[in-house]
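This report covers one helix and the ligand site of the structure shown below.

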Amino acid sequence: APQNFDVVVVGSGGGGLAAAIQASDAGAHVVIIEKMPTIGGNTIKASVGMNAAETRFQKLKGIEDSKELFYEETLKGGKFKNNPELLREFVNLAPEAIEWLATNGIELNDITITGGMSIDRTHRPADRSAVGGFLISGLVKNINQRNIEVLLETSVAEILMENGAVSGVRVVDEYNDTRILHAKSVIVATGGFSANREMVVKYRPELDGFVTTNHKGATGSGIAMLENIGAGTVDLGEIQIHPTVEQTTSYLISEAIRGGGAILVSQAGQRFYNEMETRDKVSAEIIALPEKSAWIIFDDQVRSNNKAADEYIAKGFVISAPTPHELAVKLNMDQETLQTTLGRYNQFVAEQKDEDFGRATALRHPLNQGPYYAIRIAPGVHHTMGGVTINTDTAVLDAQKQVIKGAWAAGEVVGGIHGANRIGGNAVADIIIFGILAGRNAAAYAKR
Ligand code: ADP
């Protein structure tokens, strides 16, 4: 027999979990459907943090920021291709989303910076650990407290329509059994399609052969499912490659390492670009090097300020040495050149002015405390900026920009917010901000 809910949430990443919690708090009977055996989606791999401007935590640290500046820098980073209404909503709701998390016991009160931003506005856990695991475990706690049902190893295969409105979903479970779940609202939070090689190459043939940082559930199924009920799409060709991916493990080296003071060095031992530029630009410079890869180099002070660095060391792919000379030997790099590069960079830190590449942020401290560390990195497919079209209520829009009643979408499955290049720290912001909004609106619609 079919089961009845007010709201079905498809996907258990940050977007889906935030939506489910908010919908439940608004009085809706909610179920979460997740095709993988575990909760957390690709969100669990998120590294750097959550951007927001004019937050309580920024004020506590004396950081002056403005929503307007956040808007402008995100728009510039997105090459002015961002949907202005969605971006405005995103920037306006960001501080509330930070508070919503804090209220639910998920406090992001330490703050760092990412490429393309001029101000510290990337909120992360107090212990400076990667944001993804912290966020998902906190959200799951809230899911459990509310007794929200989660069906694992169950995929939504189809969104059902009746009389021009969503009426539920058809799911297929781990035993290949099909069931119908009725609901007036379906929130699609299925994430992006970075792990769908065929779909990536269809839109961007030159990305054939690139590794991806994403979990294998990032297949873009939600886009196809929503297109089947008439949803419009935007920017599907805008696919982000992240500049610093360890190639043997596809492990993402967090932007927080550069934000904490690390530099990028070529095999020739030289810096080659402003490390704090946006992801698209830094990636392009790495691909242009003769080796198509580079080294991210940092010292022990950077390591001690980033919990993720210890995780990388534990993974076994970090090369370390007590002095720059010994590091250069291990990297098969000219010793004098690396020494000169570090000396020159440290001089720029002292002057707070990068004369070579104009790095204006995260000139934190000289790299002069051994041991020294290096990780070989190259770009990998990381984020799909394109996706389905929504309005500022997170209602899914058809190709004529009309609302599809009962269909809601939030997170990476949605296109338009990030334009042609997503800023680091804006994905977590996106999924939480629009996840909350989708949960609220989907519940109100289903219960009206
Ligand atoms: P976001 O960051 O936008 O919240 P994530 O990538 O973190 O997205 O999470 C999306 C989740 O949706 C993943 O756990 C993925 O396995 C799940 N998912 C994708 N397609 C389906 C589907 N058709 N049915 C159920 N779950 C799905």
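## Helix α7

In this predicted model, helix α7 spans residues 221–228, and its buried residues are G222, I223, M225 and L226. Viewed down the axis of α7, these buried residues fall within an arc of 165°, so they line one face of the helix. An α-helix has 3.6 residues a turn, so residues three or four places apart point the same way.

Just after α7, G230 takes a positive phi of about 100°.

## Residues around the ligand

The ligand is surrounded by 25 residues, of which G15, E34, T43, S221 and E412 come nearest. S221 also belongs to the residue range of α7, 221–228. Two other elements, α1 (14–25) and β8 (155–162), each supply at least two residues of the shell.

By class, the shell holds 16 polar residues, six nonpolar residues and three charged residues.

## Polar contacts and burial of the ligand

Oxygen atoms of the ligand make polar contacts with both side-chain and backbone atoms of the protein. In the side chain of T43, an N or O atom is 2.6 Å from a ligand oxygen. Polar backbone atoms are involved at E412, where the distance to a ligand oxygen is 2.8 Å, and at N42, where the distance is 3.0 Å.

Taken alone, the ligand exposes 580 Å², and the protein buries 97% of that area.

Conventions
Residues numbered from 1 in each chain as written. Predicted model: local features only at pLDDT ≥ 70, side-chain atom pairs only at ≥ 80, totals over all residues. Heavy atoms only, no water. Near = heavy atom within 4 Å. Polar contact = N/O pair within 3.5 Å; in protein donor to acceptor, adjacent residues only side chain to side chain. Areas by Shrake-Rupley, 256 points an atom, 1.4 Å probe, with all protein chains shown as cover. Helix = DSSP H or I, 4+ residues; strand = E, 2+ residues; numbered from the N terminus. Nonpolar A, V, L, I, M, F, W, Y, C, P; charged D, E, K, R; others polar. Buried < 20%, exposed > 50% of the residue type's maximum accessible area, 1.4 Å probe, protein only. Arc of directions from axis to C-beta.
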